[in-house]
Amino acid sequence: IERMPGIVLEARRRLTIRQLLTARPTAAGLIYFVKVNSPLTVASPQVETYAKTENAVTFTVASATVKTIATWVPASKQVLDDVSELEGFLRTSLPYYVNRLEETQILSGDNTGENLNGLITQSMAFNTALLSGSAGWTRIDQIGAAIEQIASIDEVPPSFVAMNPTDWWAMRRTKDSFGRYILGDPQSQGSPTIWDLTPVSTNSVVAGTFLVGGGDPAQCEIRDRMEMQVEISTEHADFFTRNLVAIRAEKRLALIVQRPQSFIHGTFATSPA
């Protein structure tokens, strides 16, 4: 009998959202930031020798709490000793599932309990009035309209659009009236852009929906309180007497979204108003 080395892994999602955003460390558990609530008004022409028009601005304080994402698994010391690949498998697999939940939380965390306040949760709804029913529209038009929606309020320009692979490939297969692919020849090298945005295909986004946004630190950023840690301990219940160990992976982070208006979330099934 020939035994191949290693363990064949299950299918794993490619995690991409964190790489789109700015991340930096923090030593705090609660992060406050100040943002403009009522902005200054536009200046006006003034009559010489008259008192100049007074301006005013108000601010508001927002905050984000550091959250913990973790998982663990029990194992016997004998199994870890006897199956040499198992400990390495667990040390890499547990962080993957922590990072997978992190990606979901960054996108869709609902800000309840210990959930992050995700980008989709805080984003603006797509304005269907920007589409024209008489002129017709496609998924590509919807992404362009979302960019227009952000530009119309002087927000930070977006840099990416995240969508489900089902929608991405439907978009990739879009053809013109001559049967030519809109987003480029299938034989061309590299991934196409959409209105200068980087397309991100991920199952972490629900099929039929999209998120247009950017990773500029002026828009949002990840603050890492604790990088990924994987620890092994017998200090759980009666694990010491039973020769069991607990293997735990965890990380701590906060998601700071300074400019939620620079993110647009919508559905591809949305019709013009």
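I began with the rule for ring pairs: rings of Phe, Tyr and Trp (its six-membered ring) pair if their centres lie within 6.5 Å, with planes over 60 degrees apart counting as edge-to-face. Applied to this chain, the rule gave me a count of four aromatic pairs. I noted at the outset that this is a predicted model.

**Entry on Y96 and Y97.** I looked up Y96 and Y97, whose rings lie 4.7 Å centre to centre with 80° between the planes, and entered them as an edge-to-face pair. I then asked whether Y96 is buried or exposed. Its relative accessible area is 9%, so I wrote Y96 down as buried, while Y97, at 36%, is partly exposed.

**Entry on F126 and F210.** The rings of F126 and F210 also form an edge-to-face pair, with 5.7 Å from centre to centre and 75° between the planes. Where in the chain do F126 and F210 sit? I found F126 in the loop between β5 (124-125) and α5 (139-151), and F210 in strand β8 (residues 209-213), so that the pair links distant parts of the chain, 84 residues apart. Both of these residues, F126 and F210, are buried. Following the ring pairs further, I saw that they link F126, F210 and F268 into a cluster.

**Entry on backbone angles.** I kept in mind that most residues other than glycine have a negative phi. I therefore marked N243, which is not a glycine, for its positive phi near 60°; N243 lies in the loop between β9 (220-233) and β10 (244-257), and its relative accessibility of 33% makes it count as partly exposed. I marked W195 as well, a residue other than glycine with a positive phi near 50°, and placed it in the loop between α6 (165-172) and β7 (198-201).

**Entry on the whole chain.** I stepped back to the chain as a whole, which has six helices and eleven strands. Its radius of gyration is 24 Å, whereas a compact globule of 273 residues would have one near 19 Å, and I noted that the C-alpha trace spans about 90 × 60 × 30 Å along its principal axes. Of the 273 residues, 37% count as buried, and the chain exposes about 15,900 Å², of which carbon and sulfur atoms supply 53%. Among contacts with a separation of 6 or more, 77% come from residues 24 or more positions apart. Last, I looked up the charges, and found that the mean positions of the 24 positive and 28 negative ones are 2 Å apart.

How values were computed:
Residues numbered from 1 in each chain as written. Predicted model: local features only at pLDDT ≥ 70, side-chain atom pairs only at ≥ 80, totals over all residues. Heavy atoms only, no water. Helix = DSSP H or I, 4+ residues; strand = E, 2+ residues; numbered from the N terminus. Rg over C-alpha atoms; globule rule 2.2 N^0.38 Å. Buried < 20%, exposed > 50% of the residue type's maximum accessible area, 1.4 Å probe, protein only. Contact = heavy atoms within 4.5 Å. Areas by Shrake-Rupley, 256 points an atom, 1.4 Å probe, with all protein chains shown as cover. Lys, Arg positive; Asp, Glu negative; His and termini not counted. Charge placed at Lys NZ, Arg CZ, Asp CG, Glu CD. Phe/Tyr/Trp six-rings, centres within 6.5 Å; stacked < 30°, edge-to-face > 60°.
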